[in-house]
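Visitor: Hi, I have a structure to look at and I'm not sure where to begin. Could you walk me through it?

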Amino acid sequence: MPLYSSKYNLYKKVDKRLFVFNTLTKGLIELEEDYFQKLKNNKIQELPSEIIEQLLNEKYLLKESYETDLLFVESEKKKYTSEILSLVIAPTMNCNFACPYCFEERKTSIMSNEVITLLIKFIENKIKTQKYKKLSIAWYGGEPLLGIKIIEEISKIVLDLCNKYNLEYYSNMITNGYLLSKKNINKLLELKVKTYQITIDGPPEIHNKRRVLKSNKGTFNVILNNI
Ligand code: SF4
């Protein structure tokens, strides 16, 4: 039976340790260099059978049809049963932090006007053609607060659409918390962004080595104060 490495595997070296993160299952595994390279380069036949078995069980390694089947079932389920239109939007992939373990591609660009227009058209079209009762947006990045003007622009239009089509609206944000100033939080609450996921990597002496600004300065006190 043909086996292949999951296309959802991300391969990352952190301080000489080698990790594979699967974005579909959210699984994380540490591997020896030899196994890491073989999985990454799809040389599955050269892996020992007990490693193959473990990687198969945890879905880093797949029998050909698994992922497409899973995605098909999930998308069909959503199409026919969901009353919620859920979107995850990254206004930018840029970030003000330089965490050593970060696997995001930190591109400095922000969402263009053209993409905003297409996104709004997409949302309105979905609302008009399917019977959603709720719309939910999760803001994500990079650091989404570097794109707060875009969040404001999209949120205002989406709130109007929800009024027009009588939909409940929910919004949350995954942020490093550094830019959650009073001014920004007041603006976000007006835009109905009501829940926040903020990462603290432990007590200050640990957090300040891992969650650092690009200048390498620690961020613990600012984040805690903002929270
Ligand atoms: S805050 Fe998040 S996106 Fe930014 S560098 Fe750290 S892990 Fe990466």
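Guide: We can talk through the domains, the pockets, the ligand and a hairpin, taking them one at a time. Please keep in mind from the start that this is a predicted model.

Visitor: Okay, so which domains does the chain have?

Guide: The domain assignment gives domain 1, covering residues 3–67, and domain 2, covering residues 82–226. When their centres are taken over C-alpha atoms, domain 1 and domain 2 are separated by 31 Å.

Visitor: And the largest pocket, how much space lies in it?

Guide: The largest pocket holds about 860 Å³ of space. Its lining is made up of 20 residues, and those closest to the centre of the pocket are F21, T23, K26, F103 and Y140. The elements that contribute two or more residues to this lining are strand 2 and strand 3.

Visitor: Why does the largest pocket lie between the domains?

Guide: Domain 1 and domain 2 both give residues to the lining of the largest pocket, and therefore the pocket lies between them.

Visitor: What classes of residue are in that lining?

Guide: In the lining of the largest pocket, 13 residues are nonpolar, 1 is polar and 6 are charged.

Visitor: Switching topic: where does the ligand sit?

Guide: The ligand sits in the second largest pocket, which has a volume of about 520 Å³. That pocket is lined by 21 residues, and the ones nearest its centre are Y101, E104, I174, T199 and R211. By class, the lining of the second largest pocket has 10 nonpolar, 6 polar and 5 charged residues.

Visitor: Which residues come nearest to the ligand itself?

Guide: There are 7 residues around the ligand, and of these C95, F97, C99, C102 and R211 come nearest. The shell around the ligand consists of 4 nonpolar residues, 1 polar residue and 2 charged residues. You may recognise R211, since that residue is also listed among those nearest the centre of the second largest pocket.

Visitor: Back to strand 2 and strand 3, how many bridges join them?

Guide: Strand 2, residues 9–14, and strand 3, residues 17–22, run antiparallel and are joined by 6 bridges. As one example of the pairing, V14 has R17 in strand 3 as its bridge partner.

Visitor: What do the two strands form, and what about D15 in the turn?

Guide: Strand 2 and strand 3 form a hairpin that has 2 residues between the strands, and D15 in the turn has a positive phi of about 50°. These strands were mentioned earlier, as strand 2 and strand 3 each give two or more residues to the lining of the largest pocket.

How values were computed
Residues are numbered from 1 along each chain as its sequence is written. This is a predicted model: local features need pLDDT of at least 70, side-chain atom pairs count only at pLDDT 80 or more; totals for chains, interfaces and linings use all residues. Side-chain values use heavy atoms; hydrogens and water are left out. A residue is near a molecule or strand if one of its heavy atoms lies within 4 Å of it. On a 1 Å grid over the protein atoms alone, a cavity is a set of points where a 1.4 Å probe fits but cannot get out, and a pocket is an open set with protein on both sides within 12 Å along at least five of seven lines; lining residues have an atom within 4 Å of a point. A molecule sits in a cavity or pocket if more than half of its atoms lie within 2 Å of its grid points. Ala, Val, Leu, Ile, Met, Phe, Trp, Tyr, Cys and Pro count as nonpolar, Asp, Glu, Lys and Arg as charged, and the others, Gly among them, as polar. Two strands pair if DSSP finds at least two bridges between them. Helices (H or I, at least four residues) and strands (E, at least two) are DSSP runs, numbered from the N terminus. Grid points are joined across faces, edges and corners, and a volume is the space filled by probe spheres set on the points. Domain bounds come from an automatic or database domain assignment.
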